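Biologist: I'd like to learn how to read the features of a model like this one. Could you take me through it?

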Amino acid sequence: MPAQILENAEGGTAGTLITALDNCATPCGRRLLRQWLLRPLGRVSDIEARQDAVEDLISAAAEAAGDARRLMG
């Protein structure tokens, strides 16, 4: 079965990869996600740079959540 990235066999989005991944808060974020799914990175250095950026975002979010918990409790 071919990957159903943006559209399923019936022409809808149920069960597609974009539906599973799309937690975007803005239309701009949705467009960027769509672009990334249609044209994935091919160079290892680009993939590693993106992974590093995601790791930085997750770390910053975890730190901010910890700070908020300390302030509230």
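Modeller: Sure, let's begin with salt bridges: searching the whole structure turns up three of them. The term means a side-chain nitrogen of Lys or Arg within 4 Å of a carboxyl oxygen of Asp or Glu. Before we go on, this is a predicted model, where local features need pLDDT of at least 70, side-chain atom pairs count only at pLDDT 80 or more, and totals for chains, interfaces and linings use all residues. Residues are numbered from 1 along each chain as its sequence is written, and side-chain values use heavy atoms, with hydrogens and water left out.

Biologist: Which residue forms a salt bridge with Arg 70?

Modeller: That's Asp 67, with the closest N and O atoms 2.2 Å apart. Both residues sit in helix α3, three residues apart, which is about one turn of the helix. Helices here are DSSP runs (H or I, at least four residues; strands are E, at least two), numbered from the N terminus.

Biologist: And how do I read the accessibility of Asp 67 and Arg 70?

Modeller: Go by relative accessible area: buried is under 20%, exposed is over 50%, and partly exposed is in between (1.4 Å probe, protein chains only). Asp 67 has 32%, so this residue is partly exposed. Arg 70 has 58%, so this one is exposed.

Biologist: What does Asp 46 pair with?

Modeller: Asp 46 bridges to Arg 43, and their closest N and O atoms are 2.8 Å apart. Asp 46 is partly exposed because its relative accessibility is 27%, while Arg 43 reaches 56% and counts as exposed.

Biologist: Where does Arg 30 come in?

Modeller: Arg 30 meets Asp 22 in a salt bridge, at 3.4 Å from N to O. Here Asp 22 is partly exposed at 26%, and Arg 30 is partly exposed too, at 38%.

Biologist: Let's move to charges outside the bridges. Which residues gather in a patch of negative charge?

Modeller: A patch is built from residues with over 30% relative accessible area and no salt bridge, joining like charges within 9 Å and nonpolar side chains (Val, Leu, Ile, Met, Phe, Trp, Tyr) within 5 Å. Lys and Arg count as positive, Asp and Glu as negative, and His and the chain ends are not counted. Each charge is placed at NZ of Lys, CZ of Arg, CG of Asp or CD of Glu. In this model, Glu 48, Asp 52, Glu 55 and Asp 56 make up a negative patch on the surface. Glu 55 belongs to helix α3, which covers residues 44-72.

Biologist: How many disulfides are there?

Modeller: Zero, by the rule that a disulfide is a pair of cysteine sulfur atoms within 2.5 Å,. Cys 24 is in none, as the nearest cysteine sulfur, that of Cys 28, is 9.3 Å away.

Biologist: Why does Cys 28 have no bond to Cys 24?

Modeller: Because the 9.3 Å between the sulfur of Cys 28 and that of Cys 24 is too far for a bond. As for accessibility, Cys 24 is partly exposed at 21%.

Biologist: Could we finish with helix α2 and some distances?

Modeller: Helix α2 runs over residues 27-38 and includes Leu 32, which is partly exposed at 35%. The C-alpha atoms of Leu 32 and Gly 12 are 20 Å apart, with their positions 20 residues apart along the chain. Pro 27 is in helix α2 as well, and its 53% makes it exposed. From Pro 27 to Thr 13 the separation is 14 residues in sequence and 17 Å in space, C-alpha to C-alpha.

Biologist: Is Val 44 buried or exposed?

Modeller: Val 44 is exposed, at 54% relative accessibility, and lies in helix α3. Its C-alpha atom is 22 Å from that of Ile 5, 39 residues away along the chain.

Terms used
Accessible areas come from the Shrake-Rupley method with a 1.4 Å probe; for residues, only the protein chains shown count as cover.
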